[in-house]
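Grab a pencil and work through these exercises with the structure open beside you. Try each task before reading its solution.

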Amino acid sequence: MRTKSTKKNKINVITLGCSKNVYDSEVLMGQLRASGKEVTHEAKAEDEGNIIVINTCGFIDNAKAESVNMILEYADKKEKGLVDKVFVTGCLSERYRPDLEKEIPNVDQYFGTTELPGLLKALGADYKHELLGERLTTTPKNYAYLKISEGCDRPCSFCAIPLMRGKNVSQTIEKLVKEAEGLAKDGVKELILIAQDLTYYGLDLYKKRALGDLLEALVKVEGIEWIRLHYAFPTGFPMDVLEIMKREPKICNYIDIPLQHISDGILKSMRRGTTQAKTTQLLKDFRAAVPGITIRTTLIVGYPGETQEDFDTLKDFVQEMKFDRMGCFAYSHEENTHAYLLEDNVPDEIKQERVNELMELQSQISWDLNQEKVGKTFKCIIDRKEGAHFIGRTEFDSPDVDNEVLIDASKHYVKTGEFVMIKITEATEFDLYGEPFN
């Protein structure tokens, strides 16, 4: 028999998916706390609270499956009386709400990506407009994400994000500077700029690409020491950003630029608006403008019609470009995208073989590049202590996706949240080991 939980009203927010979702959860939690609600993030077991909010991802098959499984898990807990209410928000809910309501009815309510006021009302809270940029951060105290725009106007054939997030809407420079100042007062030292496409920033507000103007304003914020750029689209890249990066020490010599593929035929079908020659030149321009820049990219293999020749072209490109950081995804056939009209004709096992082959190649490249760091000293931010090590990062590494610097805690003490000069003593494919250098 179902019994009502005896826990008092504590709201547990569970975040799935990308850093944009992390940001959205933090805004939700900030609003809830301002309304006097007790709120926690991804608490487990006896601390998890009796009201659950699941912020879902609907990007590709694996992410959708993870989100559905999480909803099912908490719908079951509700049925057993372990929690009282379950609410679902985010991209999966935006995209598949009618299906979810039909298949998993034991959820109190589903909300889309733009329905924060409605979600707050369902949770017994008011949406407070005056809480501009205030949020309850869930990242370590030294870094935070800064979402500079929402949505995307790009026509990429494989991508469902515009279906879930809508058209590009930029935040004003004034609002973002105010948000950055608030974060700095709370001890944040590193801002990670995120959007579906950073390079499109400002076109809707200022009728020009204004990422450079935003950076010029953010570097003036006291307390912020690193500014990192994530998710820059290659077509129409605003080159003034590179000049500012070279000139301003606060802007990390790091850029995340998802290229997806390099074969001209695949790029055309993907509707990426570029070619192999243009992309190769762009990367050369990056390296010429900012010597020592770290370039992170992500690639998709197994796109409809990808031949062995297309894949070999991609592999040769990876070998030639020697990306500092790289991720790779198997193509996911997404409903209502342009590519969904094409036949998903690369078998799953071939897709996975190609992912493995590229990542093996990247592993060797990463090993070689990391060996060059041994003996050198880098400014590192210390994120946390984990087991026997303090874990830090150089300016060339973003949290959760890139290399980490491990410092033996039995021999050395460093303060979490602070910058420390670390001499690299050893390196593997994806980790560096070092010791404080005075």
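**Exercise 1.** Is N403 buried or exposed?

*Solution.* First, a word on what you're looking at. This is a predicted model, where local features need pLDDT of at least 70 and side-chain atom pairs count only at pLDDT 80 or more, while totals for chains, interfaces and linings use all residues. Residues are numbered from 1 along each chain as its sequence is written, and side-chain values use heavy atoms, with hydrogens and water left out.

Now the cut-offs: buried means under 20% relative accessible area, exposed means over 50%, and partly exposed is in between (1.4 Å probe, protein chains only). N403 has a relative accessibility of 2%, so it counts as buried. Next, find its place: N403 sits in the loop between β15 (389–394) and β16 (404–408). Helices (H or I, at least four residues) and strands (E, at least two) are DSSP runs, numbered from the N terminus. Finally, look at its neighbours, where contact means heavy atoms within 4.5 Å. Leaving aside residues up to four places away in sequence, N403 touches R325, S366, N370, R393, D397, E429, F430 and D431.

**Exercise 2.** Which residues of α12 are buried?

*Solution.* Start with the helix itself. Its expected span is 1.5 Å times one less than its number of residues. For the 14 residues of α12 (residues 308–321) that gives 20 Å, and the end C-alpha atoms are 20 Å apart, which agrees.

Then pick out the buried residues: D310, F311, L314, F317, V318 and M321. They cover an arc of only 120° around the axis, so they're on the same side of α12. (The arc is that of the directions from the helix axis to the C-beta atoms.) Among the elements covering these buried residues are α10 (264–270), α11 (276–289) and β12 (294–301).

Flip to the face turned away from the buried side, and you'll meet the exposed residues E309, D316 and E320. Just after α12 comes K322, with a positive phi near 45°.

**Exercise 3.** How many residues of α1 are buried?

*Solution.* Check the length of α1 (residues 19–34) in the same style: its 16 residues should span 22 Å, and its end C-alpha atoms are 23 Å apart, which agrees. Now count: twelve of the 16 residues are buried, so α1 is largely enclosed by the rest of the structure. Among them are V22, Y23, L28 and M29. After α1 comes G36, whose phi is positive, near 85°.

**Exercise 4.** How many disulfides does a search of the whole structure find?

*Solution.* A disulfide is a pair of cysteine sulfur atoms within 2.5 Å. The search turns up zero. Take C18: the closest cysteine sulfur, in C57, is 6.2 Å away, which is too far for a bond. C91 is in no disulfide either, with the sulfur of C57 nearest at 6.1 Å. As for exposure, C18 is partly exposed at 32%, and C91 is buried at 8%.

**Exercise 5.** What kind of aromatic pair do W226 and F419 form?

*Solution.* Rings of Phe, Tyr and Trp (its six-membered ring) pair if their centres lie within 6.5 Å; planes under 30 degrees apart count as stacked, over 60 as edge-to-face and the rest as tilted. By this rule there are seven aromatic pairs. W226 and F419 are 4.9 Å apart centre to centre, with 70° between the planes, so the pair is edge-to-face. It links distant parts of the chain: W226 is in β10 (residues 226–229) and F419 in β17 (residues 419–427), 193 residues apart. W226 is buried at 4%, and F419 is buried at 19%.
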